[in-house]
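Here's a quick walk through a two-chain model, starting with how a pair of helices sit against each other. Have a look at the sequence and the structure first.

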Amino acid sequence: MSGAGVSAAGARDPGLQPERTRLAWRRTTLSGTVAALLAGKTALHGGPSAVGVSVCAVCCALWLSFLAVAHHRIRTLSEADDAGPPPLAARYAAAAALCTVALAVCGTLLVL
Amino acid sequence: MIDFARNVRLWFAPQEIGEEGRTPDYRFSLANERTFLAWLRTALALIGGGFAVDQFLPDLRWAWRVGLALALLAAGVLCSLRAVNHWVRCERAMRRGEDLPVSRFPALLSLAVAVVAVAMVVVVLARGNG
């Protein structure tokens, strides 16, 4: 953390905190994409079946929800003024975590 | 566990966090958010590892394959739930001006990952001999 009182100094945050946070959301979206692709591969392994296709569709929906949360947060970060962006809303944090949990639940169904 | 249930309520009622204490410097909130995202990536990596064990080790005996995959998936679930819970606790502690919460979760997670890694080594060696 850089020295105190910098946030009032000007438009540009020398620690680039919003940019770093935006990139952290990008990295997390990328990890989510990899996990969703592996889930899709598992679901459609051995030819398309009714269960496989529906689980694959659920995984796609989860990935899209995560993308929507990340996109919303990145928009909020980029529209921030000198006072800094507002903190992350708890329901978005919960939504991102619940997408991850739901992906793992899909995985459990597929593995068993 | 009672703390956890109370925190779960806070996940969906952000205005209750907003009413407590003072808003901290936005840089601290963003740092807390990045830590949350890093834990979420760890969870996603564990889940991806679970899928990978299931997909890329087809010669493994069914019990071992499913056991390892389920262990990794369960670790991923715990990790993401803990990520959002710890984020809420840190956010609230910063608003109240308290010390940040301490946690033994990182130690437990690294022990679990070490156990899974040892299990993988045993499985690979057993396959080499058999």
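## A helix pair in chain A

H2(A) and H3(A) run roughly antiparallel to each other. This is a predicted model, by the way, so read everything below in that light. What puts the pair in that class? The angle at which helix H2 (residues 50–78) and helix H3 (residues 90–111) of chain A pack is about 165°, and anything over 145 degrees counts as roughly antiparallel. Their axes lie 10 Å apart. As for handedness, H2(A) makes a left-handed crossing as it passes H3(A).

Now for who meets whom. From H2(A) come A:Val55, A:Val58, A:Cys59, A:Leu62, A:Ser65, A:Phe66, A:Val69, A:His72 and A:Arg73. Across from them, H3(A) brings A:Tyr92, A:Ala95, A:Ala96, A:Cys99, A:Ala102, A:Leu103, A:Cys106, A:Leu109 and A:Leu110. Sorted by class, this contact has 15 nonpolar residues, 2 polar ones and 1 charged one.

## Chain A as a whole

Stepping back, chain A has 3 helices and 0 strands, so to speak an α-α-α run when you read from the N terminus on. Of its 112 residues, 38% count as buried. Take the contacts in chain A between residues at least 6 apart in sequence: 67% of these join residues at least 24 apart.

Helix H1 (residues 17–43) of chain A is home to A:Leu30. Is A:Leu30 buried or exposed? A:Leu30 counts as exposed, because it has 12 C-beta neighbours inside 10 Å, and 12 or fewer is the cut-off for that label. Between A:Leu30 and A:Arg20, which are 10 residues apart along the chain, the C-alpha separation is 15 Å.

## Where chain B comes in

The contact between the chains draws 39 residues from chain A and 39 residues from chain B. On the chain B side, four helices listed here each supply at least two residues of the face that touches chain A:

| Helix of chain B | Residue range |
|---|---|
| H1 | residues 2–11 |
| H2 | residues 14–19 |
| H3 | residues 26–56 |
| H4 | residues 62–96 |

Which helix gives the largest share of that side? That would be H3(B), with 20 residues. By class, the chain B residues touching chain A split into 26 nonpolar, 6 polar and 7 charged.

Methods. Residues are numbered from 1 along each chain as its sequence is written. Chains are lettered from A and ligands numbered from 1 in the order in which they are written. This is a predicted model: local features need pLDDT of at least 70, side-chain atom pairs count only at pLDDT 80 or more; totals for chains, interfaces and linings use all residues. A residue is buried if 20 or more other C-beta atoms lie within 10 Å of its own, exposed if 12 or fewer, and partly exposed in between; C-beta atoms are placed from the backbone. Two residues are in contact if their C-beta atoms, placed from the backbone, lie within 7 Å. Ala, Val, Leu, Ile, Met, Phe, Trp, Tyr, Cys and Pro count as nonpolar, Asp, Glu, Lys and Arg as charged, and the others, Gly among them, as polar. Axes are lines fitted to C-alpha atoms, for helices over the stretch in contact, and angles run from 0 to 180 degrees between N-to-C directions. Angles under 35 degrees count as roughly parallel, over 145 as roughly antiparallel, 65 to 115 as roughly perpendicular and the rest as oblique. A crossing is left-handed if the near helix is turned anticlockwise from the far one by less than a right angle, and right-handed if clockwise.
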